Amino acid sequence: ALTKALLDAGADVNAADGSGRAELLVQDPAGRMWEGVVTADGRSLVYRTGSVGTADIWMRRLDGDTTRHPLATTRFTEWSGRPSPDGRRLAYESDETGEYEVYVGPLSDSGTRQKISMSGGREPVWSRDGSTVYYWQEDLLVSATLASATSAVTRRDTLFRGDPPTTTGHANYEVMRELLGFLAAECCAESAEATDSKGSAKTAA
């Protein structure tokens, strides 16, 4: 297994057990890479350059033609990019409306973008099957179920109240099992309860 770490101008790859030396995996010609997520097939890296006011999201292959391709590169802040498990879509946040909202768009050049959140949204994370996007709306963790063909929201549910950090540009939690548990940073409520699809209370791990 390999672990990857982002440095000032690129990403390094290490053996997960810590053996051996770090090897440069990829560099970006524009400079600092702040965060990155490898696609599910292990062939590409979705990453962010810049910070507040300059953040953009790019994708490039890890072998072969490593030319970077823009995914969200407007004059607004765009970050927290997460590729979907099937490798077709990108969830991210942008402040183009004046506040951060969550969007889902295509990883390819074709397709339409959908606004996922309402009244603010940050730190999107996909469910393991790609049917749902989770995000913070202020101190509430929300799940948005998406239509498979269009990514339009078909249902929103508030799962639990937590204590997420203010704007960070990347997710501070991860989904463990759909609607059953979450692996979160210490900032979140220790005993927050989520509700599963049958309405039973489940404690978030």
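**A strand-built predicted model**

Ser80 is buried, its relative accessible area being 2%. The model in which this residue sits is a predicted one. Ser80 belongs to strand S8, which covers residues 78-83, and its phi is positive, near 60 degrees, although the residue is not a glycine. For background, most residues other than glycine have a negative phi. Ser151 likewise has a positive phi, of about 70 degrees, without being a glycine. Ser151 is found in the loop between S14 and strand S15 (153-161). With a relative accessibility of 6%, Ser151 counts as buried, because the limit for that class is under 20%.

The wider setting of these two residues can now be described. The protein contains 19 strands and zero helices. Of its 205 residues, 40% count as buried. Its exposed surface amounts to about 10700 Å², of which carbon and sulfur atoms supply 47%. When contacts between residues at least 6 apart in sequence are considered, 33% of them join residues at least 24 apart.

In soluble globular proteins, nonpolar side chains tend to be buried together. The largest nonpolar core of this model has ten residues: Ala91, Val102, Val104, Ile116, Trp126, Val133, Tyr135, Val142, Ala144 and Leu146. At least two residues of this core come from each of strand S10 (101-106), strand S13 (132-137) and strand S14 (140-146). S14 provides the largest share of the core, three residues. Beyond its neighbours within four places in sequence, Leu146 is in contact with Val104, Ile116, Trp126 and Val133, among others. The contacts of Leu146 also include Arg89 and Ser131, as well as Ser151, Ala152, Val153 and Thr154. A second, separate core consists of nine residues, including Val125, Tyr134, Leu159 and Phe160.

Attention now turns to strand pairing. Four strands form an open sheet in the order S4-S5-S6-S7, and their pairing is antiparallel. Strand S4 (33-38) and strand S7 (69-72) are the edge strands; each has a single partner strand, so one side of each lacks a neighbour in the sheet. On average, neighbouring strands of this sheet are turned by 30 degrees against each other, direction ignored. Within the sheet, strand S5 (residues 44-49) and strand S6 (residues 56-61) run antiparallel and are joined by six bridges. Tyr47 is placed opposite Trp58 in S6.

Charged pairs complete the description. The structure holds ten salt bridges. In one of them, Glu96 and Arg113 bring their closest N and O atoms to 2.9 Å. This pair links distant parts of the chain, 17 residues apart: Glu96 lies in the loop between strand S9 (89-94) and S10, and Arg113 in the loop between S10 and strand S11 (114-115). Glu96 is partly exposed at 28% relative accessibility, and Arg113 is partly exposed at 38%.

Arg161 forms a salt bridge with Asp139, again with the closest N and O atoms 2.9 Å apart. Arg161 is in strand S15 and Asp139 in the loop between S13 and S14, so the salt bridge ties together parts that are 22 residues apart in sequence. Arg161 is exposed, with a relative accessible area of 51%, whereas Asp139 is partly exposed at 27%. Salt bridges with shared partners also join Asp86, Arg88 and Arg89 into one network. Within this network, Arg88 and Asp86 have their closest N and O atoms 2.9 Å apart. Arg88 is partly exposed, with a relative accessible area of 44%, and Asp86 is partly exposed with 41%.

Methods
Residues numbered from 1 in each chain as written. Predicted model: local features only at pLDDT ≥ 70, side-chain atom pairs only at ≥ 80, totals over all residues. Heavy atoms only, no water. Buried < 20%, exposed > 50% of the residue type's maximum accessible area, 1.4 Å probe, protein only. Contact = heavy atoms within 4.5 Å. Areas by Shrake-Rupley, 256 points an atom, 1.4 Å probe, with all protein chains shown as cover. Core = buried A, V, L, I, M, F, W, Y, C linked by side-chain atoms within 4.5 Å. Pairing = 2+ DSSP bridges. Axes fitted to C-alpha atoms, helices over the stretch in contact; angles between N-to-C directions. Salt bridge = Lys/Arg side-chain N within 4 Å of Asp/Glu carboxyl O.
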